[in-house]
Amino acid sequence: MAVKQFKAESKKLLDLMINSIYSNKEIFLRELISNASDAIDKLYFKSLTDHSVTTKKEDYKIFLALDKDSRTITLTDNGIGMTKEELEKNLGTIARSGSFDFKAENKAEDIDIIGQFGVGFYSAFMVASRVTVISRAFGSEEAWKWESKGAEGYTITQTEKDEPGTQIILVVKESTEKENYDEFLDEYNLVRIVKKYSDYVRYPIEMYREKSRQKEKPADAGEDYEPEYESYTELETLNSMVPLWKRAKKDVADEEYNQFYKDKFYDYTDPARVIVSRTEGTATYNALLFVPGRAPYNYYTREYEKGLQLYASGVLIMEKCADLLPDYFSFVKGVVDSQDLSLNISREMLQQDGQLKLIRGSLEKKIKNELNAMKNNEREKYDEFFKNFGRQLKFGCYADYGMNAELLKDLLLFYSAKEKKLITLAEYLEKMPGEQKYIYYAAGESADRLAKLPAAELVLEKGFDLLLLTEDVDEFCLQVLRHYGEKDKEKEFKNISGGELGLETEEEKKAAQEASEASKPLFDAMKEALGDKVTDVRISTRLKSHPVCISSEGPLSLEMEKVLGSMPGAEGEMAPKSQKVLELNGEHPVFAKLKALQEAGDKETLGRYADILYNQALLIEGLPIEDPVAYAQAVCELMK
Ligand code: ADP
Ligand code: MG
């Protein structure tokens, strides 16, 4: 019998494919099952118009068998089968898809056939040393046997088969030192593979499974009877068939969604929100997404991998498709199923896939809308969500030069000093008195401490609200946003420890100006004493009861200096510094004392006091002081 060569570049292609498209051997089973499912689909499709097809819908099935002794895995379907010519054409030519032709010929856009690439079948050679295909086409009496050991070619001979359909027999390779093939002869493992990739194939995948049961206790069994076991086989359907995401939301109980989530994504808490999405049109897909009820322990670490499970027509093609989710929604879990994607597609190719981009865009909108709805209708839940994942949204705002800030800004919450709870920026604006010019905020580690800052007291006393920012990313996020509000009515964000607060009346400003000018010699003397620690010393408009405070000029705030300084690689000299201004309270007795020292020409004491006051101001802001020991000594000196 003559061995026929695979057509054209097939040999090379076969090697290439085996080594590159599939990184994972176990998917051979997914490919063969998908082909069987396609073959059944084709016969079913035919039955709609051709009444010679007598198979009833419930009789279509795929049958899996395992024989360890002969090292074979056998997969049988009662689908449309193949003629001799079709065996030649479809299996003899790599990258030729009978399924693709079928779809085109039948203009069957709405039938959900998986194959279209014509390479899946050959994945069998990743695990099999010999592949035998016995097939009888529907409507033909003849059956044919196609057989191949891989790259050298294949043979076709006539054979017998009772029913139309296809049977594929794989002889599993012998294990080597490097590769374990015996695992594919393990029943549990095989069942696991079926469940993993093919759980939602529409037709039952059946298998006789070995089970064990306790034998009945004999009537004459004595006291010391030990139960005996016997093994038996039972036909089991391995797949669950109807994917939850294809069922209408109204037909699924919340509990089912929750259970599905917990099983599939190994969580023990219910999801905070279930998102069911189906779209048709430019991007056709079904998605079932979940917002977890709590952040995974490694969420804010490098180890966390974002991604959604990607299915093509109910068959798993990727466990974690990262390209489906933007980073700021990386907490979302779930599955996406699209019939517009093909099975045999590598990661690299998928990245280029236009369809995938459309789906991603559509999912992004959907997630945003759902989060918004949660914020508007289930505020408590949203607060909880925000405690878990708000940080990620804020990062998203700030990342990529604020490219996504517009999209995310309404999802943000910040702690309000006045309301003592998390509020949105819109809520801040709503309650803002007419004369208020800015959206005020203070940034630091503890909300309690921030609310007690001298400038905070001043803002709150005016009846204005103040956002207390306690996460490192907060201020960077607001800086990227710059302002918030309707077009032309936007309000700028204002850090209360930097620059002018816009709280003073014109007269107050003028008075401060005059006082400053009158005290210029004092400020110059103090500036000289403090050196490059400060860029300026001046009279403050943000102080009431304290003698001093520190504020910042320029783009970098005091808090940002702290955050940047704590990043790896930015310690010490390299850390970016804010420009600090020492502000003095002109009404305070300490001020009078300073002035007296300057007028008396006591430069030394003035220098020491300037230093103590500077350190005090740093401490009030929660900033580290350079030399705590020297500071403590200076204070003790005062007590003597
Ligand atoms: P694809 O599924 O992408 O078309 P495959 O390499 O998996 O490519 O299969 C090639 C072709 O072989 C299929 O398109 C189909 O026409 C045919 N084929 C494979 N398996 C079967 C089967 N079990 N029954 C009928 N036809 C099959
Ligand atoms: Mg296929």
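A residue counts as buried when its relative accessible area is under 20%, as exposed when that area is over 50%, and as partly exposed in between. The exercises below apply this and related criteria to a predicted model.

**Exercise 1.** Determine whether Asp383 is buried or exposed, and describe the salt bridge that joins Asp383 to Arg379.

*Solution.* Begin with the accessibility of the acidic partner: Asp383 has a relative accessibility of 19%, and since buried means under 20%, Asp383 counts as buried. Next take Arg379, which at 23% relative accessibility counts as partly exposed. The side chains of these two residues meet in a salt bridge, with a distance of 3.3 Å from N to O. Finally, place the pair in the secondary structure: both residues belong to helix α9 (residues 379–402), where they are four residues apart, about one turn of the helix.

**Exercise 2.** Establish which parts of the chain are tied together by the salt bridge between Glu179 and Lys25.

*Solution.* First consider the contact, in which the closest N and O atoms of Glu179 and Lys25 are 2.8 Å apart. Then locate each partner: Glu179 lies in the loop between β6 (165–172) and α5 (187–198), and Lys25 in the loop between α1 (10–20) and α2 (27–47), so the salt bridge ties together parts that are 154 residues apart in sequence. As a last step, classify the exposure: Glu179, at 32% relative accessibility, is partly exposed, and Lys25, with a relative accessible area of 23%, is partly exposed as well.

**Exercise 3.** Work out the strand order of the open sheet that contains β20, β21 and β22, and identify the helix that packs on this sheet.

*Solution.* The sheet has three strands in the order β20-β22-β21, with mixed pairing. Its edge strands are β20 (536–539) and β21 (548–553), each of which pairs on one side only. On average, neighbouring strands are turned by 30 degrees against each other, direction ignored. Packed on the sheet is helix α16 (residues 520–530), which touches β20 and β22 and whose direction makes about 145 degrees with that of β20. Turning to the pairing itself, β20 and β22 (residues 579–584) run parallel and are joined by four bridges, and within this pair of strands Asp536 stands opposite Val581 in β22.

**Exercise 4.** State how many salt bridges the structure holds, and name the residues linked in a network.

*Solution.* The total is 45 salt bridges. A network of such bridges links Glu187, Arg209, Lys211, Glu234 and Glu236.

How values were computed: Residues are numbered from 1 along each chain as its sequence is written. Chains are lettered from A and ligands numbered from 1 in the order in which they are written. This is a predicted model: local features need pLDDT of at least 70, side-chain atom pairs count only at pLDDT 80 or more; totals for chains, interfaces and linings use all residues. Side-chain values use heavy atoms; hydrogens and water are left out. Two strands pair if DSSP finds at least two bridges between them. Helices (H or I, at least four residues) and strands (E, at least two) are DSSP runs, numbered from the N terminus. Axes are lines fitted to C-alpha atoms, for helices over the stretch in contact, and angles run from 0 to 180 degrees between N-to-C directions. Contact means heavy atoms within 4.5 Å. A salt bridge is a side-chain nitrogen of Lys or Arg within 4 Å of a carboxyl oxygen of Asp or Glu. Buried means under 20% relative accessible area, exposed over 50%, partly exposed in between (1.4 Å probe, protein chains only).
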